[in-house]
Amino acid sequence: MISVLEFLARLAVWLFLAPLLPGIINKVKAWVAGRRGPPVLQLYYDLARLWRKGVVLSMLTSPGFIAGPAIAWVAVLAAALLLPLGPLGTSLSFRGDVILLIYLLALARFCTAWAALETGSAFEGMGAAREVSYAVLAEAAVITAVLTLSMQSGSVSLSAMLTPSAGPGAVLLAVGLFAVLLAENCRVPFDDPNTHLELTMIHEVMVLDHSGPPFAAVLHGAAMKLLLFSVLLVQAVLPVGELSVAAASGAMIGGVLLVTVAVGLTESLTARVAFRRVPLLLTTAFLLCVFALLIAWKGGAA
Amino acid sequence: MRRDTPFTLLTNGAALSWADVSEWPLAEFLRNVNAELDRGERLISFFGVPEGDALRLVAVLAFDAGNTLAVGRSQPFTGSFQALTRTHAQAHLFEREIWEQHGVVPENHPWLKPVRKDHGAGPAVGDFFRVDGREVHEVAVGPVHAGIIEPGHFRFQCAGEEVLHLEIALGYQHRGVEEAIAGGPHHSTVYQMETVAGDTTIAHATAYANTLEALAGTEAPLRAQWLRAVALELERLANHTGDLGALAGDVAFLPTASACGKIRGDFLNLTALLCGNRFGRGLVRPGGCPLDGDAERLGRLRERLETALAEVQQAAAWLWDAASVRTRFEFTGQLGAKQAAAIGLVGPAARACGLVRDVRFDHPAGWYRFAQVPVSVWPDGDVFARARVRWLEIQRSGDFLREQLDAVPEGETMSPLPALAPNSLAVALVEGWRGEVCHVALTGADGRLRRYKITDPSFHNWTGLALALRGQAISDFPLCNKSFNLSYCGFDL
């Protein structure tokens, strides 16, 4: 019974806290620009509005157009539930769960791209092509980061891997993972979540034809993914697992807020890079993770 | 610097008798126009004047180096004529327009299709240039766009992310402005002129007023000419500032994007201070300016101008200091000076290709005969150059306004407009913020307007955008588009 309640509590945390992050980012951006900005809870209002709306379907689409966002949302949520939360650990832990996490995220991406291709629109095909080609590089960086953590903990289970801090490579890993977080969540400098220009979009252009509840699932899934990467980043760098529950909660909340504000500041102060430079930036993130891996490997041997 | 030419010469803002305009048989007319274009002169207007069932072609050329305009006409003909486009690309849209408006066929025209009208299904439905091959795909954008902009259709031929060819189909906003003036000027004509392109209200209204004043053989009072120049530079400041902000917005550089949006509004409010309307509607009328500002109001304008200029200085400094912005702007959407000259590019877009081409300098009329603005040129022809020219013009228009507001001329601002001279032709050029605005008016025997031809700078420059996109990443299209920032309704008329 306790475990069921705990599971529901975790579910609630992921479902209800995730939409807060984009709101905070937008507030930071508005603050830097000297505007008042939309309310922090704006995404909640948007989700509620979308949920009440109907769905517009093109005559050309197959059921995959609706199934895509649904499967993607479930996959992201499942990935989030695999992630341990500091000393509370995870409700479901097994050897190799980190591999499942990576594949669940890949599944989510596959389903979004699939639904995008279902529309038959030139825009969405273009967006899907961009998304998956940049993902190749972003995934390499994530896998290297995971290898680093696995190397220093000697485990392939998330709850064991995330417990110790990343040691001297922590800074490298943090920067590398932050870049991946920006790329995976379509933030500046990789993508511009605020743009209305279809031709320049990566992620947004894939979901142009979605409306109503499926679009709400897309938006909510994106918010959960952002929270997931923030939590992963904080735990990969800070030894949250070794703290008491109260201190760990404080550190986690503070860390996630810090990451969110950093995303907002990055977006406020830099322009986005040209598409042809995105691979360069992602390769840099990958190399940072490689060096973190080298430090974990050689540092561990010494 | 007058040189030997068979054409009739006139200056900007002048009128002459229709009978005095050089006239040749069609073939000779085309040969003469071709010869002048070969010498590097510019075609600023090229249109047909119906004579019964036949048609006369009229060409207006700009001899920039000689600070004069030249006009010539053909004898009436029917059927077809040899296209100039084969040798001079700048005639391309003009000849398509003549074909569309009068039904005479420019023979051997390489790309003869409607300019604005369609087959009833919209300009996006028709023949487009196609590129074939493996991995070549077509992307159609518009006429409905995601942002709050005007309707236009863009057809890209792409290989992956690279644009091989872009074709632009406009005409969704065709309102029949030129047709509506025939038999005028009507009561509504001046309002229609102000809305040829809403963001270029002052420039179009001034060009219209200049043609009518020239035809009536009068000139606006000096203070009215001064007011028009002040308003024209304010219009330039507002739009250039907005453009710098929009360029920053397109590369997601928020500081400048946010600030410029606000400062653009401040400049618009300065125009409102002059005439009560942010776009300058009601300020310019044939005969002068019906509204005038008193010393106190002009003092306030001077003060607020200083604040806005200081703010735009800061916002631009952020833009130029950001390396991330520079890497996006440089080498994007490049257009060479040779290409730009061949297609007859005008305005900041031409000056950003290193062409020294500015009506205020080449063909000064009105107040610009007494007060000059330096021509702002940048050589590279990329997005960076177009942004840079805008910034130079903001500074120079700012200096011009400071100077003008410190020495306000006294006097009347409105004079009565006599009746228009019958059978006369007048040409007026105004350097609007987007480039050369050209109005040509022809009166009939009754002293009413028989033909009125408007050439908005966008008419020349859309081709420039299409060329700038070749070999670019399709994701850079919005940025290139914004760097030209052309008018759809100014083109569509």
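**Figure 1. A hairpin links β13(B) and β14(B) in this predicted model.** Take a look at the turn: five residues lie between the two strands. Gly447(B) sits in that turn and has a positive phi of about 75°. Strand β14 covers residues 449-455 of chain B, and its pairing with β13(B) is antiparallel, over six bridges. To find your place along this pair, start from Leu442(B), whose bridge partner in β14(B) is Arg451(B).

**Figure 2. Strand β13 of chain B also pairs with β12(B).** Here we move to strand β12 (residues 424-432) of chain B, which pairs with β13(B) in the antiparallel sense over eight bridges. A hairpin connects these strands too, and two residues carry the chain from β12(B) to β13(B). A handy landmark is Ala426(B), which stands opposite Ala441(B) in β13(B). Is β13(B) enclosed or open to the outside? Strand β13 of chain B spans residues 435-443, and nine of its nine residues are buried, so the strand is largely enclosed by the rest of the structure. As you follow the strands, keep in mind that side chains in a regular strand alternate between the two faces of the sheet.

**Figure 3. Helices α5 and α6 of chain B meet at a crossing.** Two packed helices are described by the angle between their axes and the distance between the axes. For helix α5 (residues 201-216) and helix α6 (residues 222-250) of chain B, the axes come within 8 Å and the crossing angle is roughly 150°. On the α5(B) side, the contact involves Ile202(B), Ala203(B) and Thr206(B). These residues meet Arg228(B), Ala231(B), Leu232(B) and Glu235(B) of α6(B). Sorted by class, the contact between α5(B) and α6(B) has four nonpolar, one polar and two charged residues.

**Figure 4. Three strands of chain B make an open sheet.** Reading across the sheet, the order is β9-β10-β11 of chain B, and the pairing is antiparallel. Which strands form the edges? They are β9 and β11 (162-169) of chain B, each pairing on one side only. Neighbouring strands of this sheet are turned by 20° against each other on average, direction ignored. Zoom in on β9(B) and strand β10 (residues 153-159) of chain B, and you will find six bridges joining the two antiparallel strands. One residue to look for is His137(B), whose bridge partner in β10(B) is Cys158(B).

**Figure 5. Chain B touches chain A.** In this view, 24 residues of chain B are in contact with 23 residues of chain A. On the chain B side, β9 (136-141), α7 (254-275), α9 (323-329) and α15 (477-484) each supply at least two residues. Which element gives the largest share? That is β9(B), with four residues. The chain B side divides into 15 nonpolar, five polar and four charged residues.

**Figure 6. Two domains of chain B share a contact.** Domain 1 of chain B runs over 8-107 and domain 2 over 200-438. Their centres, taken over C-alpha atoms, are separated by 29 Å. The contact takes 22 residues from domain 1 of chain B and 20 residues from domain 2 of chain B. Strands β2 (14-17), β4 (42-51), β5 (54-63) and β6 (68-74) of chain B each supply at least two residues of the domain 1 side. By class, that side of domain 1 of chain B has 14 nonpolar, six polar and two charged residues.

Terms used:
Residues numbered from 1 in each chain as written. Chains lettered and ligands numbered in written order. Predicted model: local features only at pLDDT ≥ 70, side-chain atom pairs only at ≥ 80, totals over all residues. Buried ≥ 20, exposed ≤ 12 C-beta atoms within 10 Å, placed from the backbone. Pairing = 2+ DSSP bridges. Axes fitted to C-alpha atoms, helices over the stretch in contact; angles between N-to-C directions. Contact = placed C-beta atoms within 7 Å. Nonpolar A, V, L, I, M, F, W, Y, C, P; charged D, E, K, R; others polar. Domains from an automatic or database assignment.
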